[in-house]
Structure formats: structure tokens, C-alpha cells
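Here are my notes on the model, set out as numbered points. Please read them with the coordinates open.

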Amino acid sequence: MEQSPKRYFQNPWLRGSQETSEFNQEMWMGKISELINLITSRLPPSAADGDGGLYVGTGGIGYMFYHISQSALYTAEKDQLIQKGLDYIKAALLYTHQNVPLRQTEECAFLLGPAGIYAVAAALYHAAGSVAEAQHFCQLYKSLSSVVLPVDFLSCGGDELLVGRAGYLCGALWLQSVFGSPIVPVPDMHKVCQSIVASGRNYAKRTKSLSPLMFAYYDTEYLGAAHGLSGILQMLMSVPGFLQSDPSAERDVRASVDYLLSVQSVDGNFPVATDEIRMKSRRPEDELVHWCHGAPGTLYLMAKAYLLWQEERYLQSCYKCADLVWEKGLLRKGPGICHGVAGNGYVFLILYRLTQNEMYLRARSPDSPFSLYEGLAGTICFLNDVIQPSKAAFPFMDIFWIQH
């Protein structure tokens, strides 16, 4: 039987033998410009490419331009970058208007639906000085907070990051960082958190889960950042004041983080879902080392836990994640941030910000090669953050947004 190829390229610097060289900022900025030109020439703004929201649609490219426009490295080009971002987000909005969801619950999707497009539109119009338009899209986003409150508002599972409540909170927190004050009032965010906790408790009790909070998305108990427990917990821990206002919620969130910590493997990875804990079904060469599933995404939760509770075991978990990504993180799946090299590269930028240790500054074509989460738009965000690592943050997932 022919052995399947590894999911990653062998890291030639695995044993720490890499040569040091002077960092060439001009070279990196030139590469960013080349990639931007490649994206705009191959995928000009069009409503026809709006499907997939921020994740793989034109809205994600609009976010990329916003991200770059906020960099101190591109002050001279700021207005031009904002205008290009608006061109793409207008195309995404046109797609959204032409494909209004049949149910308002579908409108709340942050990474895969209209809510995320509203959020990025608000940020771009704000950056352009268009106050009325920015307020309009902020209000649209804010109005969705009541829609996500019913515990069972999505039949497929309404708590995860791409289409559920955790994603809605993620967007609300990002907008707060953009505007400098809450767009979704903090009491309303707390209500959304309470719905998530109630949902997680109900499901955990019903299924006799070992974690006080557990969730399912399309009947699978995912554990990673995209659809699973770690992404949901991270958002609960990020909403200002929520855990402090509800000691029982903090108890269950912390115990759930510790449950995840208990299933981290010796080499640092995390199972994709709870069925892998029971079945031990994935071979080492088939394990997923992605932001969406595995250590690169769960690291953000452990880093947030360390910032919040200051316990060394959470930091040690981050170190194990980083060691694994250094060995198996040069993925063959492409350059993107969801399940690609750039997403795994963010692990080291975040650990650099967390520890100030400079040690951490050390394929196959994706389905959507120019997009934010699967393609070059995410790579551009990553390269921009490589140049200024003290401000690096995975898109929409900055663990340093709000310190409790």
C-alpha cells in the first residue's frame, strides 16, 4: 500500500541551525506590493465573487486593504489603500444585497455571512471619514445582537466562530478596537455570552461531557478555533467584564479550558473533535496542524488563559504548540491563514508579543488562492505583521485587545 505524503514540508531549520541575516524591510514591503498587485489583477472587485463572506469572498480582500492601511509603514499610501478596500467591500455589499438571507439568523454570520461584511464596511467608511455610512453599518451590526440570543437560534449549532454567536462577539470586539468604544453595548455582549454558556451547559449535561461546556456543529463536537470549543471559550474570555460579573460562568469556562489542556498530546497538538479522543483514529502523519483545527488555533486560547489567570501551565501549553508548529507547520495546503503557512506563522508572532523572546521571530494550491483565509490576502496581512511584530495579531483574534 502506497504511503500518503505528509501534510507538511520538512523544516530545514528544525534543529536550530538557521543562519541569521539582517532583516530587509524594503524587500518585504516590495513583496507585499507584488502580492497586492497580483490579487487586484487576478480578482478585481466584483459582486460575482462575493460568496463566502470575509472567509473566501471579496469582503476579505476589503479587510486586507483596511489592515494594511492601518500600518505605520504605509502612511503615504493610506488613502489609496482605503479606497481600494472600499471598492472591494462595496462589491461584497452588492452581493449581500442581491442574496439577502431567507432567515435573519443567517445574517448574523461573521466570517461566512453578512455581519462580517457590515463590520468591515463600517471600519473602512470610518477610516475614509464617511461618518454617516460608518454609523449605518455599525447600527446594522448592533441590531443583530438580539437575533443571536435564543439558545437554539441556529439548528446546525449556533455557538461557533464562522456563523455563530462566538463569531458575532468576535466582530463586536473588533469593532470596539476600531472605534475605541463599544458598538455593541457591553450589557448586550454579556447577554450573548450568557446564551453561549447556557447552550454549552445544556449540551454538556445532555451528552454527559467531561467538559462543563461543550458544543456541537453539525453534530460534531469540534475542539478547534474555527468551529469548536477553543474559539468559543476565547470569545467568552475576551468580552470585557463578563467572567468577573458571573463567577459560575468563569468556573465553567476555566474548567473547560483545563479540559482542553488535558487532551493536548505529548507533542503539543489537540484533537480535531471529541470522537478522536475516544477512537484515537488519526495517524501522526495525518494530524491537522492548522489554525482551524489543532494547536495553531488553540494556542490563542491558552495565551488568553495565561494573560487572564497568570498560571504557568497555560504558557507551557503555548510553548508546546509552538514547538509542534515549528516542526510540522510548513503546510502543503498553501499560504493562507486558516489552514496554511501564514496562519501557522502567526503562532510565533503572538508568542513574541506574549513573551518578548526574540527566538520566536524565527504546496498545494488552495481553493480560493487570493482570499483572506485560504489565500494571499491573509498572507499579505501576515507579512505586514512580520515587519512590525510588536503589533501582530491574527485577523479579528487579537488576544491583547482588552486586558481585564
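1. One salt bridge pairs Arg165 with Asp159, and the question here is whether its two residues are buried or exposed. The model is a predicted one. In it, the side chains of Arg165 and Asp159 meet with N and O 2.9 Å apart. Arg165 has a relative accessible area of 0% and is therefore buried, since the cut-off is under 20%. Asp159, at 6% relative accessibility, also counts as buried.

2. The salt bridge between Lys328 and Asp267 has its closest N and O atoms 3.9 Å apart. This pair links distant parts of the chain: Lys328 belongs to helix α15 (residues 312-328), while Asp267 sits in the loop between α12 (247-262) and α13 (274-279), 61 residues apart. Lys328 is buried, at 8% relative accessibility. Asp267 has a relative accessible area of 33%, so this residue is partly exposed.

3. Salt bridges that share partners also build a network, whose members are Arg254, Asp258, Glu311 and Arg313. The salt bridges in the structure number 11. Among them is the one between the side chains of Arg103 and Glu106, at 2.7 Å from N to O. Glu106 is partly exposed, with a relative accessible area of 33%.

4. Helix α6 (residues 114-127) deserves a check of its length. Its 14 residues should span 20 Å at 1.5 Å a residue, and the end C-alpha atoms are 20 Å apart, so the two values agree. After α6 comes Gly129, which has a positive phi, near 80°.

5. How many of the 14 residues of α6 are buried? The count is 12, so the helix is largely enclosed by the rest of the structure. The buried residues are Pro114, Ala115, Gly116, Ile117, Tyr118, Ala119, Val120, Ala121, Ala122, Ala123, Leu124 and Tyr125. They pack against α2 (53-56), α3 (58-69), α4 (78-98), α5 (104-107), α7 (131-143) and α8 (165-179).

6. The aromatic pairs come to 18. In one of them, Phe110 and Tyr141, the ring centres are 6.4 Å apart and the planes stand at 90°, so the pair is edge-to-face. Phe110 lies in the loop between α5 and α6, and Tyr141 in helix α7, so the pair ties together parts that are 31 residues apart in sequence. Both Phe110 and Tyr141 are buried.

7. Tyr141 also pairs with Tyr168. What is the arrangement of the rings of Tyr141 and Tyr168? Their centres are 4.7 Å apart and their planes are at 5°, so this pair is stacked. Here too distant parts of the chain are linked, with Tyr141 in helix α7 and Tyr168 in helix α8, 27 residues apart. Tyr141 has 0% relative accessibility and counts as buried. Tyr168 is likewise buried, with a relative accessible area of 0%.

8. Phe110, Tyr141 and Tyr168 belong to one aromatic cluster, which also includes Tyr63, Tyr66, Trp174 and Phe396. Within this cluster, Tyr141 takes part in the edge-to-face pair with Phe110 and in the stacked pair with Tyr168. For anyone inspecting the model, the helices to display alongside these two pairs are α7, which holds Tyr141, and α8, which holds Tyr168.

Methods
Residues numbered from 1 in each chain as written. Predicted model: local features only at pLDDT ≥ 70, side-chain atom pairs only at ≥ 80, totals over all residues. Heavy atoms only, no water. Salt bridge = Lys/Arg side-chain N within 4 Å of Asp/Glu carboxyl O. Buried < 20%, exposed > 50% of the residue type's maximum accessible area, 1.4 Å probe, protein only. Helix = DSSP H or I, 4+ residues; strand = E, 2+ residues; numbered from the N terminus. Expected span 1.5 Å × (residues − 1). Contact = heavy atoms within 4.5 Å. Phe/Tyr/Trp six-rings, centres within 6.5 Å; stacked < 30°, edge-to-face > 60°.
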